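Thanks for coming. I will take a few minutes on one structure, so please have the sequence and the model open.

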Amino acid sequence: MKTKIYLLCALLALVGLGMGNKPKVAIRFHVQANAQDTDRFASPLHLENPSRDIFIEKIPSINERMFKAIYPFQAANGTWGCSFKLDEGGRLSLSVMSTEKRGQTVVAMLSTKAHSRLIIAMLIDKPINDGVITIPYGLTEMEIAVLSQEFPVLGKDKDKKKKDKNYEEKGEQMPLGTPLPMPRP
């Protein structure tokens, strides 16, 4: 009888682990694959600028579970860009990917419950060892808002603390609904 209770508790614990909070948005970076790879490992993809067909690895090299923090910024073309600070595992993956796949393409894909889309395809031109990968443009304001809710924003807490401190020094309270400035690159 005790064995059945222990088994039931273990099963409930496993179910609870599987039902963890999943992000509302997923950003994944896939590296270019060989055309000879089978369909189990690679997927075909058509790129627009410049127009060409490539294959990408089905398993992403970097995913949203590796993000420690984000840094959104307004791009010159009116869209938004974002830098992603990676955890130690992500930093190592980025370093290996950017060293081994130099000269190849990395593709950033954004997925929500409603759809998936290609954000940008970038050429890997040098090794990246600092653990920060950047999408220079192509994100919408709504996508940045969702990302800002899901992940810590670099510089946001510091700005808020500094603003709170300024009001405390003057003996005032910060008005409710005061917008905090978005960090700029």
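**A buried phenylalanine and its surroundings**

Let me start with Phe-29, which has a relative accessible area of 0% and is therefore buried. Keep in mind that this is a predicted model.

What does the ring of Phe-29 pair with? Its partner is Phe-84: the ring centres are 6.2 Å apart and the planes stand at 75 degrees, so this pair is edge-to-face. The cut-off for that label is over 60 degrees. In sequence the two are 55 residues apart, with Phe-29 in strand 1 and Phe-84 in strand 5, residues 80-86. Phe-84 is also at 0% relative accessibility, so Phe-84 counts as buried too. The count of aromatic pairs comes to three, and ring pairs join Phe-29, Phe-67, Phe-84 and Phe-151 into a cluster.

Next, the contacts of Phe-84. Leaving out residues up to four places away in sequence, Phe-84 touches, among others, Ile-27, Phe-29, Phe-67, Ile-133 and Leu-147.

That brings me to the core. The largest nonpolar core has 28 residues, and those touching the most other members are Phe-29, Ile-62, Phe-84 and Leu-147. Elements giving two or more residues to this core include strand 1, helix 2, strand 8 (132-139) and helix 3 (141-150). Which element gives the most to this core? Strand 5 does, with four residues. There is also a second, separate core of six residues, including Leu-45, Ile-54, Ile-56 and Val-107.

Now the sheet. Five strands form an open sheet in the order 2-3-1-6-7, and the pairing is antiparallel. Strand 2 (42-47) and strand 7 (116-123) are at the edges with a single partner strand each, so one side of each has no neighbour in the sheet. On average, neighbouring strands of this sheet are turned by 40 degrees against each other, direction ignored.

Within that sheet, strand 1 (residues 26-33) pairs with strand 6 (residues 105-111) in the antiparallel sense, over six bridges. Ile-27 stands opposite Leu-110 in strand 6.

One last residue, Ser-95, in helix 2 (residues 88-100). Is Ser-95 buried or exposed? At 14% relative accessibility, Ser-95 counts as buried, because the limit is under 20%. Not counting residues up to four places away in sequence, Ser-95 touches Ile-128 and Asn-129.

To close, back to the starting point: Phe-29 is buried, and Phe-29 pairs edge-to-face with Phe-84. That is all I have.

Key. Residues are numbered from 1 along each chain as its sequence is written. This is a predicted model: local features need pLDDT of at least 70, side-chain atom pairs count only at pLDDT 80 or more; totals for chains, interfaces and linings use all residues. Side-chain values use heavy atoms; hydrogens and water are left out. Two strands pair if DSSP finds at least two bridges between them. Axes are lines fitted to C-alpha atoms, for helices over the stretch in contact, and angles run from 0 to 180 degrees between N-to-C directions. Rings of Phe, Tyr and Trp (its six-membered ring) pair if their centres lie within 6.5 Å; planes under 30 degrees apart count as stacked, over 60 as edge-to-face and the rest as tilted. Buried means under 20% relative accessible area, exposed over 50%, partly exposed in between (1.4 Å probe, protein chains only). Contact means heavy atoms within 4.5 Å. A nonpolar core is a set of buried Ala, Val, Leu, Ile, Met, Phe, Trp, Tyr and Cys residues joined through side-chain atoms within 4.5 Å.
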